[in-house]
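Subject: Structure handover

Hello,

Here is the structure I promised to pass on. Please open it first, then read my notes below.

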Amino acid sequence: MDCLFCKIIAGEIPSSKVYEDEYIYAFKDINPEAPCHVLVIPKKHIASMDEITKENSIYVAKIFEKIPEIAKLGGANNGYRVISNCGADAGQTVFHLHYHVIGGTELPIHVFPEK
């Protein structure tokens, strides 16, 4: 498989690890949007939220159980935002399920443009 995040998990590509356990790998984003910008990924390849199933949803549950700890480890001590893009139209560029944990500063409120 030619997946960037699978290669990071395998140690083939370096990353700035923030947290790791048997289900999760979390590392600093190389183009951070805020002082805390951590990517949290399942160690099992799941391409996007569209591929979450009863059989693999344990990885998602484990991620959300650990996000508060990971956010603090990343430097978000006064709140954070969790974002996941699903599919090309949403801006997903790496097709391995991942969650952006962003914080460490006051974040702007995003307002959708009027149609």
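Start at K66. This residue is partly exposed, because its relative accessibility is 26%, and partly exposed covers the range between the 20% and 50% cut-offs. K66 forms a salt bridge with E69. The closest N and O atoms of that pair are 3.0 Å apart. Both residues sit in helix α2, three residues apart, which is about one turn of the helix. E69 is partly exposed as well, with a relative accessible area of 35%.

One caution before the rest: this is a predicted model.

**The fold**

The protein chain has two helices and five strands. From the N terminus, the order is α-β-β-β-α-β-β. The C-alpha trace spans about 40 × 35 × 25 Å along its principal axes.

How does the radius of gyration of the protein chain fit with a compact globule? For 115 residues, such a globule would have a radius near 13 Å. The protein chain has 14 Å, so the two agree.

Of the 115 residues, 37% count as buried. Sequence-distant contacts are also worth a look. Take the contacts between residues at least 6 apart in sequence: 54% of them join residues at least 24 apart.

**Surface and charge**

The accessible surface of the protein chain is about 7,300 Å². Carbon and sulfur atoms account for 51% of that surface. The chain carries 11 positive and 15 negative side chains. The centres of these two sets lie 5 Å apart.

**Salt bridges**

How many salt bridges does the structure hold? There are four. The K66 and E69 pair is one of the salt bridges. Two others involve E20, which pairs with K17 and with K43.

In the pair with K17, the closest N and O atoms are 2.9 Å apart. In the pair with K43, they are 2.8 Å apart. What does the pair of E20 and K43 tie together? E20 lies in strand β1, residues 17-20, while K43 lies in the loop between β3 (36-42) and α2 (57-74). The pair therefore ties together parts that are 23 residues apart in sequence.

K17, E20 and K43 are thus linked in a network of salt bridges. Are its members buried, exposed or partly exposed? Here are the values:

- E20 is partly exposed, at 35% relative accessibility.
- K17 is partly exposed, with a relative accessible area of 48%.
- K43 is partly exposed, with a relative accessible area of 27%.

**H98**

Now go to H98. Where does H98 lie? H98 is in the loop between β4 (80-83) and β5 (99-103). Is H98 buried or exposed? H98 is buried, because its relative accessible area is 7%, and buried means under 20%.

Which residues does H98 touch, leaving out those up to four places away in sequence? They are F5, L39, V40, I41, I83, S84 and Q92. L39, V40 and I41 fall within the stretch 36-42 of strand β3. I83 is within β4, residues 80-83.

You can also check H98 against K44. Their C-alpha atoms are separated by 11 Å, though the two residues are 54 residues apart along the chain.

Best wishes

Key: Residues numbered from 1 in each chain as written. Predicted model: local features only at pLDDT ≥ 70, side-chain atom pairs only at ≥ 80, totals over all residues. Heavy atoms only, no water. Helix = DSSP H or I, 4+ residues; strand = E, 2+ residues; numbered from the N terminus. Rg over C-alpha atoms; globule rule 2.2 N^0.38 Å. Buried < 20%, exposed > 50% of the residue type's maximum accessible area, 1.4 Å probe, protein only. Contact = heavy atoms within 4.5 Å. Areas by Shrake-Rupley, 256 points an atom, 1.4 Å probe, with all protein chains shown as cover. Lys, Arg positive; Asp, Glu negative; His and termini not counted. Charge placed at Lys NZ, Arg CZ, Asp CG, Glu CD. Salt bridge = Lys/Arg side-chain N within 4 Å of Asp/Glu carboxyl O.
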